[in-house]
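Here is a friendly walk through a few local features of one protein chain. Have the viewer open as you read, and follow along from strands to single residues.

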Amino acid sequence: MTGVVSYEDRLKGFDWSLGEKELGITKDGPINIGWLCTDRICRMGLGQKTGFIWEGSEGAVRTYTFDRLRVLSNTLARFLEKHGVAAGDRVCLFMDRVPELYIGLIGILKRGAIAQPLFSAFGEDSLKVRILDAETKAIITQRKHIFKVRRMRDSTPSLTHVFVVDGGAEGLKPGEYPLDLEAEPPVEEYAVHPTTAETPSILHYTSGTTGKPKGAQHVHYSVVSQYLTTKWVLDLKPDDIYWCNADPGWVTGTSYGIIGPWVTGTTQVVGDFGFSSDRWYEFIEKHRVTVWYSAPTAIRLLMRDGDAPVKKRDLSCLRHLCSVGEPLNAEGVIWSREVFGLPFHDTFWQTETGSIVIANYPGMVIKPGSMGKPFPGITATVVDPKTFEPITVPGRVGLIALRPGWPSMMRTYWRNPTTYQSKFKNGWYLCGDRASIDKDGYFWFVGRDDDVINTGGHLVGPFEIESALIEHKSVAESAAVAKPDHVNMEVVKAFVVLKPGFEPGDDLELEIMNFIRKRLSPLAMPQEIEFVAKLPKTRSGKIVRRILRAKEFGEPIGDVSTVMED
Ligand code: 6R9
């Protein structure tokens, strides 16, 4: 491929300071993500370039140049300052994917405050837990969500300011203020707060599998990782039109749905609407999207809907596709090659890692079903679950472990240093996932550590079972979990969602069983298949196997605040 620097060449002599140099920052000097995403881009002469194209659910389109983004985020920063929001205060973003959400994050960072993005679909309880934990001072929200904020205000004393971005002042209660960015006097020049490398920037709540949601605390220096991974893995170039379909309530929607594209001066498009294969393809065609960052949950739904909606559109604009969030089934890569002529490049990372750590690099040979190789500067391995020593045998499964110290690594869990410390063993940061590494250095995902099934002392990962199931023509989605068993302690049970046109029944169950028997070891074979209409998922689209598992074991299901209710 021309124009692509090979993975091996990138590795040679790699140092994170390369990112500092390109961004014109030093570790000891001022570093402000908000400034780097807007002011710096304008200073590079790109002020009149379109930075943001927004399409609302009803089809309205708004376009912003980088200069407009700069001025509006200044205006927001000044507004916060006027209302007494100080550096270090937590400011929650609680909105649908409206422009104020994106500009809001930049403005909060310019003010030197800490942004706390949350899914607007959260109910008041999920919201409250996180506001209490972060002792959030202000929340920026929309009219349509204010009732949830109001219902929890009596029990969230830290929350002194509620800013409402639409509908003016009418009907607002004490402590609620209208924030109409377009009506505020535009702030051409704003003295961006002198944040430095280690100043906290974003507090991203992640629930993990059990227990209370934890706030992964990031700092402004994270931008070095986000910048380089955006350039090298997402492969963004000056003329690209980039679409990341993640909501900023999920880390993908901030690291690569705000910071990544803007810090590289790329035009990004955002759609404030949910999944629909027709609408998504129409969106790509209409805006001439060139680079698309999506997730397996969406890719599986697109596969379910088949090739017909793709064929109606001219999607020749697409040139690079990436995926994150869950293991990407080999089937997804093979399908996307067929229908788009391009493979999805799987990328692996976490809220805690702040940026991509293992990836299928552009130009690298993709082994479908593999997560690829560590990003330059990232030392990744799999370690033995008992000794925490690296496993050197290719193909042997262990815990994914990273050597701490890359720029976007979380610095702690907000006011929870004990849990933070518990993630480190033998000098490694443990991701909580299992994988193996093959002889060529490719990582193969097995499952979340808690999702692994122990059948007669053998550990089986859900991913291989689910990948085998999804290859069957009737299967849209699946989840493999443990169910209790007298003899083997645990056995595998599979939950299956069928594609339209297929009827659940004993015959189909038998057919699927026979189909996967050829692909799986006897140990991994499910004892039972249950057909379900849908699987429990987080708001970022991850299948929550522990809920299905807990039901099988008759155990409590734990924290469900990030699980979709509908
Ligand atoms: C960015 C993000 C992190 C967890 C992670 C793992 C799973 C993410 C994956 C993947 C297999 C991939 N995960 N990417 N598993 N292959 N390419 O997803 O952050 O919401 O914190 O989730 O998601 O289990 O540990 P977060």
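Two strands count as paired if DSSP finds at least two bridges between them. Keep in mind that this is a predicted model.

**A central strand**

With that definition in hand, start at Trp-243, whose bridge partner in strand β11 is Val-269. In strand β12, the bridge partner of Trp-243 is Trp-292. Strand β10, residues 241–244, pairs with β11 (residues 267–271) in the parallel sense over 3 bridges. The pairing of β10 with β12 (residues 291–294) is parallel too, again over 3 bridges. Between β10 and β11 comes helix α10, residues 251–263, and together they make a right-handed β-α-β unit.

Which side chains of β10 point one way, and which the other? Ile-241 and Trp-243 share one direction, while Tyr-242 and Cys-244 take the other. In a regular strand, side chains alternate between the two faces of the sheet. Here all four residues are buried.

**Two glutamates in helices**

Next, look at Glu-509 in helix α17, which covers residues 506–517. Glu-509 is buried yet has no salt bridge. Where is the nearest side chain of opposite charge? It belongs to Arg-517, 9.0 Å away, whereas a salt bridge needs a side-chain nitrogen of Lys or Arg within 4 Å of a carboxyl oxygen. Leaving aside neighbours within four places in sequence, Glu-509 is in contact with Glu-528, Ile-529 and Phe-531.

Glu-552 sits in helix α18, residues 545–553. Glu-552 is partly exposed, with a relative accessible area of 23%. Although Glu-552 and Lys-483 are 69 residues apart in sequence, their C-alpha atoms are 5.4 Å apart in space. Lys-483 is also among the residues that Glu-552 touches, not counting those up to four places away in sequence. Others on that list include Val-481, Pro-484, Lys-493, Phe-495 and Glu-530.

**Positive phi outside glycine**

Finally, two loop residues have a positive phi although neither is a glycine. The table sets them out.

| Residue | Phi | Loop | Relative accessible area |
|---|---|---|---|
| Glu-135 | about 45° | between α7 (124–134) and β5 (138–141) | 40% |
| Arg-415 | about 50° | between β19 (412–413) and α15 (417–421) | 53% |

Are these two residues exposed or partly exposed? Glu-135 is partly exposed because its relative accessible area is 40%, and Arg-415 is exposed because its value of 53% is over 50%.

Methods:
Residues numbered from 1 in each chain as written. Predicted model: local features only at pLDDT ≥ 70, side-chain atom pairs only at ≥ 80, totals over all residues. Heavy atoms only, no water. Buried < 20%, exposed > 50% of the residue type's maximum accessible area, 1.4 Å probe, protein only. Helix = DSSP H or I, 4+ residues; strand = E, 2+ residues; numbered from the N terminus. Right-handed = clockwise from strand over helix to strand, strands pointing away. Contact = heavy atoms within 4.5 Å. Lys, Arg positive; Asp, Glu negative; His and termini not counted.
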